[in-house]
Amino acid sequence: MVTEEIRVRGTVQGVGFRPTVYRLAKAGGLCGEVCNDGDGVLIRVSGSEGAIADFVERLYIECPPLAKIQELIRTPYEGNWSFPDFVISHSVSSSIKTEIAPDAATCPQCQQEIFDPFSRFFRYPFTNCTHCGPRFSIIRGIPYDRCNTSMSAFPMCAECEQEYNDVENRRFHAQPVACHTCGPTAWLERADGQPVTASMFSMLDDVDAVCTLLQKGEIVAIKGLGGIHLACDATQEGVVQKLRQRKHRDHKPLALMARDISIIEQYCIVNPRERELLQSPAAPIVLLHQKQWENEDEQIIPQFPIAPAVAPGQNTLGFMLPYTPLHHLILRRMNRPIVLTSGNIADEPQCIDNGEAREKLGKIADYFLLHNREIVNRVDDSVARVVDDQVKIIRRARGYAPAPMKLPPGFEQVPPILAMGSQLKNTFCLLRENEAIVSQHLGDLGNAGAFYSYHDTLNLYLNLFEHQPQAIAVDKHPEYLATKLGKEVAPVNKVKLHQIQHHHAHIAACMAENGIPLNAPPVLGIVLDGLGYGEDGTFWGGEFLLADYRRFQRLATFKPVAMIGGEKAIYQPWRNTYAHLLSADIWETCQQEYSDLEIIKFLQQKPLKLINQALAQGINSPLASSVGRLFDGVAAAMGIFPEKCSYEGQAAIAMEALVNPLSLNNYEETLIYPFEVNFSDSIYYIDSKPMWPELLQDLHKQVKPSDIARKFHQSLSQTIVNLVKHLCHENVINQVALTGGVFQNCILLAQVKAGLENLGIHVLTHNLFPANDGNISLGQGVITAAQLMNVP
């Protein structure tokens with residue numbers, strides 16, 4: 001007989017891991033104990049060597065669905081032994097090193113129970129077990145026990161307690177377990193304060209009544225798992241328009257939820273990978289290609305078409321499946337999709353509190369479906385899409401955060417680091433002992449509510465993980481609020497501040513999530529985005545950097561062009577068109593030769609004299625090598641949202657939507673727009689100057705917008721690939737990393753990736769984290785770690 005102590009680290013609390021350990025130990029005839037502590041799960045076990053080896057092997061094989069074993073360490077146990085049987089012991093408080101599980105979508109067994117009239121969980125909207133339900137959204141502290149969650153307000157009834165203590169039950173030690181008798185309750189309110197009477201609907205209950213309200217064209221605020229949503233019937237154009245008007249959300253696509261896959265398939269093409277993603281425990285919003293009904297005789301058109309106002313100018317729809325019993329019960333009778341969008345105004349954080357919802361959403365929603373389980377941590381819905389059969393995360397939140405990422409080889413001894421992230425699409429990151437914990441998406445910090453939420457969430461993470469950073473990393477942009485906060489916090493805590501260049505952080509994040517070792521040779525990072533603060537005081541946004549984790553060298557960029565009006569250029573695409581025409585030195589020619597074009601007429605109505613004076617004097621017109629602004633300029637020239645965008649990149653996204661991916665397989669390489677590549681001051685510059693006359697000529701010939709959009713994407717992709725080919729001849733380059741928000745354009749990403757792979761180049765892309773600024777904090781963290789560790 002031997003006795004061992006087995007330390008298990010990873011996502012092993014709140015996911016049914018201890019019950020699995022108990023079951024396997026009992027089946028193997030082993031004695032001992034298992035408990036939670038701050039470091040994960042601790043197992044002490046006694047038995048024959050073969051029995052213990054078989055126990056460990058089965059632990060890996062039969063690991064619960066939501067659990068993830070990151071590390072398992074076996075050591076001889078030398079302490080006193082007093083276990084005649086195997087038991088689950090009480091949790092032990094200690095230094096916090098364990099992981100916190102993300103919230104998980106309702107499992108099939110719980111779904112079955114809520115629709116089973118003979119189950120005690122019939123129609124109970126908060127049914128859960130160890131395989132599903134709330135985790136991160138309700139947690140206040142570690143260990144993950146009921147007393148450390150918002151479920152502490154609901155003592156278990158006798159039946160729930162019996163299941164909780166029954167090792168053979170699926171709810172054994174499931175902390176949020178509850179039922180009609182002892183758990184949270186949901187209720188329906190009218191926004192106008194008038195009472196809701198059962199006679200109004202004659203439905204089964206308040207949750208069921210919501211379905212009827214939605215079908216009647218009402219807007220309902222629904223308190224869910226990580227926040228409050230606004231819902232309406234997605235097939236009624238009038239109510240969708242009303243929701244947009246009340247919410248002050250002009251054009252940004254609205255998320256959809258459907259009862260099941262069969263309803264989604266009425267509207268979108270769903271491949272096996274997308275189906276798997278929709279039905280995964282993370283249950284994100286998945287961007288799916290809309291079906292096109294060009295030949296109505298051969299295809300079944302849905303009885304209830306999606307309202308055009310749901311996703312104007314898009315060829316995709318963002319669908320998710322119900323991920324809580326509450327949503328399943330609401331949609332049981334709903335045979336068409338609903339809009340389910342964040343419960344907020346414009347870009348404010350999503351409401352999570354009942355009182356806050358009544359105050360802020362009272363003029364948007366007609367009704368409220370609320371409940372009395374507190375949402376401790378705000379967690380937005382995650383967004384993902386599938387490109388080349390690979391999952392690409394666009395917004396990482398519910399279902400994914402705060403699951404950590406194991407750092408690459410060489411980072412095993414990383415000291416505690418806090419990385420503050422970017423201004424837009426902010427996340428922050430905690431680095432510790434070979435892992436990175438990246439927060440959920442927190443939004444744009446320019447919004448006061450989002451910045452306050454950033455403060456609160458940061459403090460929560462620091463307390464949950466007992467994180468005491470030895471260094472703080474920030475972006476080099478002096479006006480980013482996260483940077484300013486980092487500069488305030490660092491001296492107070494007497495830790496060193498590391499200022500990290502924006503695009504270097506993008507590349508380092510891509511390297512880290514692809515497991516590139518700390519001592520690996522540099523990769524060529526291609527970073528295409530809106531803008532980031534450059535080393536030369538200008539704004540960068542189209543960069544080719546030879547980089548490792550500690551340093552980088554700028555090899556090439558796009559020719560800098562003025563951002564007329566500064567930040568206004570992000571939301572008024574015509575400014576970028578005019579700036580590029582001036583940079584190409586063809587504005588005068590345009591007025592003479594292309595005076596019939598709508599974009600030229602449009603630009604002539606603008607105060608060009610004042611703009612030219614501002615440009616001449618360098619007033620509020622910073623130079624930027626931004627590819628994001630190049631896309632905006634081309635889109636505006638084509639007549640796509642030239643005047644105003646309601647969100648960054650709207651015009652570029654609409655231009656991408658014009659391109660049929662299938663058409664990319666059949667094109668002539670000669671039908672491309674030319675770009676120049678010049679060498680100056682030791683770096684290469686991509687100049688779009690020769691492209692513009694040909695693009696204007698195509699507009700003059702009234703070439704189809706879809707053909708112009710396809711031609712631009714192909715031209716830009718080929719230019720990038722050709723430049724990389726040249727750079728590879730001049731430098732030792734084995735791998736290329738594609739990152740930055742522009743690479744969320746799946747047409748550009750797929751074409752550049754394919755072109756580089758045809759050259760035999762290994763291409764790194766993002767899968768675990770967004771290509772946009774949501775990855776900046778991870779990059780800041782690993783760069784700072786490399787600098788602190790001072791690896792030769």
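## Exercises on a predicted model

Pro402 sits in the loop that runs between β15 (390-395) and β16 (405-406). The structure is a predicted model, and the exercises below are to be worked on it.

**Exercise 1.** State which residue is joined to Pro402 by a cis peptide bond, and give omega.

*Solution.* Start from the loop between β15 and β16, where Pro402 is found. The cis bond links Ala401 to Pro402. Its omega is about 5 degrees. As background, most peptide bonds are trans.

**Exercise 2.** For Asn434 and Lys494, find the loop of each, then phi, then decide: buried or exposed?

*Solution.* Step 1: Asn434 belongs to the loop between β18 (429-432) and β19 (435-438), whereas Lys494 belongs to the loop between α12 (481-492) and β21 (496-500).
Step 2: phi of Asn434 is near 75 degrees, and phi of Lys494 is about 55 degrees. Both values are positive, and neither residue is a glycine. In general, most residues other than glycine have a negative phi.
Step 3: buried requires under 20% relative accessible area and exposed over 50%. Asn434 has 17% relative accessibility, so Asn434 is buried. Lys494 has 77%, so Lys494 is exposed.

**Exercise 3.** Locate Gln592 in its helix, classify its exposure, and give its C-alpha separation from Ile417.

*Solution.* Gln592 is part of helix α16 (residues 587-593). Its relative accessible area is 65%, so Gln592 counts as exposed. Gln592 and Ile417 are 175 residues apart along the chain, and their C-alpha atoms are separated by 59 Å.

**Exercise 4.** Describe the largest nonpolar core and a second one.

*Solution.* The largest core holds 71 residues, and Phe544, Trp692 and Phe712 have the most contacts inside it. Helix α22 (residues 705-730) supplies the largest share of this core, nine residues. A separate second core has 44 residues, including Leu278, Ala311, Val339 and Ala365.

**Exercise 5.** Decide how the compactness of the protein compares with that of a globular protein of its length.

*Solution.* First, count the elements: 24 helices and 30 strands. Next, take the radius of gyration, 28 Å; the globule rule also gives 28 Å for 792 residues, so the protein is as compact as a globular protein of that length. Along the principal axes, the C-alpha atoms fill a box of roughly 90 × 75 × 55 Å. Of the 792 residues, 60% count as buried. Finally, among contacts between residues at least 6 apart in sequence, 73% join residues at least 24 apart.

**Exercise 6.** Give the counts of charged side chains and the distance between the centres of the two sets.

*Solution.* There are 69 positive and 86 negative side chains. The two centres lie 3 Å apart.

Terms used. Residues numbered from 1 in each chain as written. Predicted model: local features only at pLDDT ≥ 70, side-chain atom pairs only at ≥ 80, totals over all residues. Heavy atoms only, no water. Core = buried A, V, L, I, M, F, W, Y, C linked by side-chain atoms within 4.5 Å. Buried < 20%, exposed > 50% of the residue type's maximum accessible area, 1.4 Å probe, protein only. Helix = DSSP H or I, 4+ residues; strand = E, 2+ residues; numbered from the N terminus. Rg over C-alpha atoms; globule rule 2.2 N^0.38 Å. Contact = heavy atoms within 4.5 Å. Lys, Arg positive; Asp, Glu negative; His and termini not counted. Charge placed at Lys NZ, Arg CZ, Asp CG, Glu CD.
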